[in-house]
Amino acid sequence: GSQVYVTLASSVNSSANVRGEQLLTQVRNIVAITGKGKVNLIGHSQGAMDSRYVAGMIPTKIASVTSVGGVNAGTPVADAVMKAAGIPVIGSTVAAAASYVVDAVFKLVGAASGNGYDQKAMAALNQLTTASAKTFNAQFPAGLPTTACGQGVQKASNGVSYFSWGGTSPLTSVLDPLDYLFTPSSLLISGESDGMVPKCSQHLGTVLRDNYSQNHGDEVNQVLGLVNEFAASPVTI
């Protein structure tokens, strides 16, 4: 029954000064168009960081932020890839080539989606490291857990309510090609994860649930709805 707007941002870039600003502009426009005064933001993965950025910049226009599989404390997967990319000659050469390809692919995706945003894969990867997340969190602390792997306050001092949920099952469907990415990447993470983001990193504000039988793709019903048939549907959630 809610009025829903699907926002657009660079597929791969930093949250702090690129994707966050792109979302900020759209939120201001949506508030102006609807006259509602406030919006509820729901962000998956890095989208949670973008949403937190906007809530930090214009808290009076944001009713709530919900993080879905959000990379709120970074991920060891990004740490490992960045470390590999830093290996002289081989690592840096491969990273440069891969970055060029990813940027090119998502420029096409962006064009098909009706935007010409810049794509910078290495900037996105760096944003998702635990070190960069720590810097980001110092700037936008609202809703963060007050204890290790705990919950944050539901309504922060900036007046915005924060919520989160996510999954802890890297392999949920043998038919889903993404499962063959998230299953090996989960080995880079100590403890439970959705294959890309540690369970505790997904926590923000009131943790609605952090152990759905979903991986990082399932949380947004990808690919083609090939999720765990015996668990709660992400659409229902």
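**Close-up views of a predicted model**

**View 1. A salt bridge between two helices.** In this predicted model, Asp50 and Arg19 form a salt bridge in which the closest N and O atoms lie 2.7 Å apart. The pair links distant parts of the chain, since Asp50 belongs to helix H2 (residues 46–57) and Arg19 to helix H1 (residues 15–34), with their positions 31 residues apart in the numbering. Both partners, Asp50 and Arg19, are buried.

**View 2. The salt bridge of Lys199 and Glu192.** The structure holds two salt bridges, and the one shown here joins the side chains of Lys199 and Glu192, with an N to O distance of 3.0 Å. Glu192 has a relative accessibility of 45% and therefore counts as partly exposed, whereas Asp50 and Arg19 of the preceding view are both buried.

**View 3. Strand E2 and its pairing with E1.** Strand E2 (residues 62–68) is largely enclosed by the rest of the structure, because six of its seven residues are buried. Strand E1 (residues 39–44) runs parallel to E2 and is joined to it by six bridges, and within this pairing Leu41 stands opposite Val65 of E2. Between the two strands the chain passes through H2, and the resulting β-α-β crossover from E1 to E2 is right-handed.

**View 4. Strand E2 and its pairing with E3.** E2 is also joined to strand E3 (residues 161–167), again in parallel, and here the two strands share five bridges. Val68 has Trp165 in E3 as its bridge partner.

**View 5. The largest nonpolar core.** In soluble globular proteins, nonpolar side chains tend to be buried together. The largest nonpolar core of this model comprises 30 residues, of which Val27, Val39, Leu41, Val54, Ile62, Val65 and Tyr162 touch the most other members. At least two residues of this core are supplied by each of H1, E1, H2, E2 and helix H3 (76–85), and H1 gives the largest share, namely five residues.

**View 6. The surroundings of Leu41.** Leu41, which is among the core residues that touch the most other members, also stands opposite Val65 in the strand pairing. When its neighbours within four places in sequence are left aside, Leu41 is in contact with Val27, Ser51, Val54, Ile62, Ser64, Val65 and Thr66.

How values were computed. Residues are numbered from 1 along each chain as its sequence is written. This is a predicted model: local features need pLDDT of at least 70, side-chain atom pairs count only at pLDDT 80 or more; totals for chains, interfaces and linings use all residues. Side-chain values use heavy atoms; hydrogens and water are left out. A salt bridge is a side-chain nitrogen of Lys or Arg within 4 Å of a carboxyl oxygen of Asp or Glu. Helices (H or I, at least four residues) and strands (E, at least two) are DSSP runs, numbered from the N terminus. Buried means under 20% relative accessible area, exposed over 50%, partly exposed in between (1.4 Å probe, protein chains only). Two strands pair if DSSP finds at least two bridges between them. A crossover is right-handed if, with the strands pointing away from the viewer, the path from the first strand over the helix to the second runs clockwise. A nonpolar core is a set of buried Ala, Val, Leu, Ile, Met, Phe, Trp, Tyr and Cys residues joined through side-chain atoms within 4.5 Å. Contact means heavy atoms within 4.5 Å.
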